[in-house]
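Work through the exercises below on charged side-chain pairs. Each task is followed by a stepwise solution.

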Amino acid sequence: MPKTSARLLSLLSLLQTRRDWPGRRLAERLEVSPRTVRRDVDRLRELGYPIVSAKGPDGGYRLDAGTELPPLLFDDEQAVALAVALQVAATTGVGIEEAAARALATVRQVMPARLRHRIDMLRFTAVERPAVRPLPPVDGSVLMAVSAAARACEVLRFDYTPAPPAGAPDGAPDAGLPPRRVEPHHLVTWCGRWYLVAWDLDREDWRSFRADRMAPRTPTGPRFTPREVPGGEVAAFVTRRFEGYDDSGGRPCRGEVILDLPAATVSRYIHDGLVEELGPNRCRLVLGSWSWTGLASAIGRFDADIEVVGPPELKEAFAHLARRYAGAAGPGRRQAARSAHDGHSPR
């Protein structure tokens, strides 16, 4: 009996490693006859494993999908990877923390002592980047519906909750707005949030939608031919969109300044701009950003005098920040800044 049980486990492990196994090849690996393999397959079927047989001279066996999840076998590295993945599941924002904890307890309970010791040695805390307010959880059924539509290349219709004003709580979808219609392309995660990258049929442009604000409608629409995301790579497209780049590969706000700093010093902190040496302690900087105020702020972090070459929008952004900073310095300076802005001298 122990020999038979061990052979059944070996057979199950082999069936999980590849889709199709010729019967003769299984017999060679297990060092038994093809008849014994057939009997062992029947025993596994009685235990609930859906094993499909292929007839013919090259017939074999395949572990198929069933109606229930039977016990699975994992090698050492798979078991460790599964345990680590379950421990970080709480940072996905999908609201599966409790289910992940129960799954981890189940996996750990059946682990050999040597693997359980390795898992217990791995203790860590996943720290998320601080947010102004807690990130809303995402309903797992929404992710499944969106992902299914993207995989089937079917038009997705959904109600979408617009972004609330700053400081206001997230609300419900506006019943007066028509549902959005998109060709779903890909689900992505960014800084703890889930987004759908899709082609908006009404706006005829690529858009990203927060999954926690989506309420998919059924049924889905007609099938479509997938479009290629700008640049051809989803990760690069999403990164550039969130960092303020447009589809041409540049940023919408681009300006030029002269800094009283060595070019070598400025270059250490500029990764996507142009730095040109003008002298021992003077350089030209061309940089882009998602907004003029953001660009002025990025340039202002250098502790040096700044000469704005252009455009005028960048000069106005510096003036706007100067008024804001003067107001933040104190009531007296706030009044002085307002008077200067209005063209009057402070009393």
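**Salt bridges, pair by pair**

Arg 25 has a relative accessible area of 38% and is therefore partly exposed (buried is under 20%, exposed over 50%, partly exposed in between, with a 1.4 Å probe and protein chains only). The model is predicted: local features need pLDDT of at least 70, side-chain atom pairs count only at pLDDT 80 or more, and totals for chains, interfaces and linings use all residues. Residues are numbered from 1 along each chain as its sequence is written, and side-chain values use heavy atoms, with hydrogens and water left out.

**Exercise 1.** Find the salt-bridge partner of Arg 25 and place both residues.

Step 1. Apply the criterion: a side-chain nitrogen of Lys or Arg within 4 Å of a carboxyl oxygen of Asp or Glu.
Step 2. The closest N and O atoms of Arg 25 and Glu 28 are 3.6 Å apart, which gives a salt bridge.
Step 3. Both residues belong to helix 2 (residues 23-30), 3 residues apart, about one turn of the helix. Helices are DSSP runs of H or I with at least four residues, strands runs of E with at least two, numbered from the N terminus.
Step 4. Glu 28, at 49% relative accessible area, is partly exposed.

**Exercise 2.** Which parts of the chain does the pair Asp 20 and Arg 62 link?

Step 1. Their side chains form a salt bridge at 3.5 Å, N to O.
Step 2. Asp 20 sits in the loop between helix 1 (2-17) and strand 1 (21-22), and Arg 62 in strand 3 (residues 60-63), 42 residues apart.
Step 3. Asp 20 is partly exposed, with 40% relative accessibility.

**Exercise 3.** State how many salt bridges the rule gives.

Step 1. The count is 17.
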